[in-house]
Amino acid sequence: CIRDRVCNVEGKINDKGQFARTSGTSAVVIGHSEEGDKVRIRLPSGDRKTVPADCRAMVGIVAGGGRIDKPIMKAGVQYHKYRAKRHSFPRNRAVAMNPVDHRYGGGNHQHIGKPSTIGRYDPCLLYT
């Protein structure tokens, strides 16, 4: 039915669900085609998508809403959070590195000491 909240929506028939799968999210059915072979849904991002009417979905909202409301109190919790996703934590600043590690490293104070913007055809791009 129109205005129903659904989750775990398949994009193609029998692809095990692709849309609205994270905790606390859901998609909204906003319309059907006149032939009855397509369904229009609004995703949590606000995008509208047309999927075949034979695609399956679960009625309701995914459990676990409000998961990101709790503050991350320790660096170790954040470390394990990003460890499951990708290696993007901890992130070191370039000025805190040694000169052998980065072109902004070294010096008696943590400052860049040179222009941080470089030209597109600057030869130092070839060696960094």
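A residue is called exposed when its relative accessible area is over 50%, buried when that area is under 20%, and partly exposed in between. The exercises below apply this and related terms to a predicted model.

**Exercise 1.** Determine whether arginine 3 is buried or exposed, and describe its backbone.

*Solution.* Begin with the location: arginine 3 belongs to the segment before β1 (5–7). Next, take its relative accessible area, which is 64%. The cut-off for exposed is over 50%, so arginine 3 is exposed. Finally, consider the backbone: the phi of arginine 3 is near 75 degrees, a positive value in a residue other than glycine. For context, most residues other than glycine have a negative phi.

**Exercise 2.** Carry out the analysis for lysine 16: where does it lie, and is it buried or exposed?

*Solution.* Lysine 16 is found in the loop between β1 and β2 (27–32). Its relative accessibility is 66%, and therefore lysine 16 counts as exposed. Its phi is positive, about 70 degrees, although lysine 16 is not a glycine.

**Exercise 3.** State the strand order of the open sheet and explain why β4 and β5 each have one side without a neighbour.

*Solution.* The sheet has five strands in the order β4-β3-β2-β1-β5, with antiparallel pairing. β4 (48–52) and β5 (58–59) stand at the edges; each has a single partner strand, so one side of each lacks a neighbour in the sheet.

The pairings can then be followed from one strand to the next. β3 (residues 38–42) is joined to β4 by five bridges, and lysine 38 has proline 52 of β4 as its bridge partner. Four bridges link β2 and β3 in the antiparallel sense, with histidine 32 opposite valine 39 in β3. Between β1 and β2 there are two bridges, again antiparallel; here valine 6 is partnered by alanine 27 in β2.

The connection between β2 and β3 completes the description: these strands form a hairpin with five residues between them, and glycine 36 in the turn has a positive phi of about 85 degrees.

**Exercise 4.** Classify the aromatic pair of tyrosine 82 and phenylalanine 89, then examine the peptide bond between phenylalanine 89 and proline 90.

*Solution.* The structure contains one aromatic pair. The ring centres of tyrosine 82 and phenylalanine 89 are 6.0 Å apart and the planes meet at 25 degrees, so the pair is stacked; the cut-off for stacking is under 30 degrees. Phenylalanine 89 has a relative accessibility of 22% and thus counts as partly exposed.

The peptide bond joining phenylalanine 89 and proline 90 is cis, with omega about -5 degrees, whereas most peptide bonds are trans. Proline 90 is placed in the segment after α1 (75–83).

Technical notes. Residues are numbered from 1 along each chain as its sequence is written. This is a predicted model: local features need pLDDT of at least 70, side-chain atom pairs count only at pLDDT 80 or more; totals for chains, interfaces and linings use all residues. Side-chain values use heavy atoms; hydrogens and water are left out. Rings of Phe, Tyr and Trp (its six-membered ring) pair if their centres lie within 6.5 Å; planes under 30 degrees apart count as stacked, over 60 as edge-to-face and the rest as tilted. Buried means under 20% relative accessible area, exposed over 50%, partly exposed in between (1.4 Å probe, protein chains only). Two strands pair if DSSP finds at least two bridges between them.
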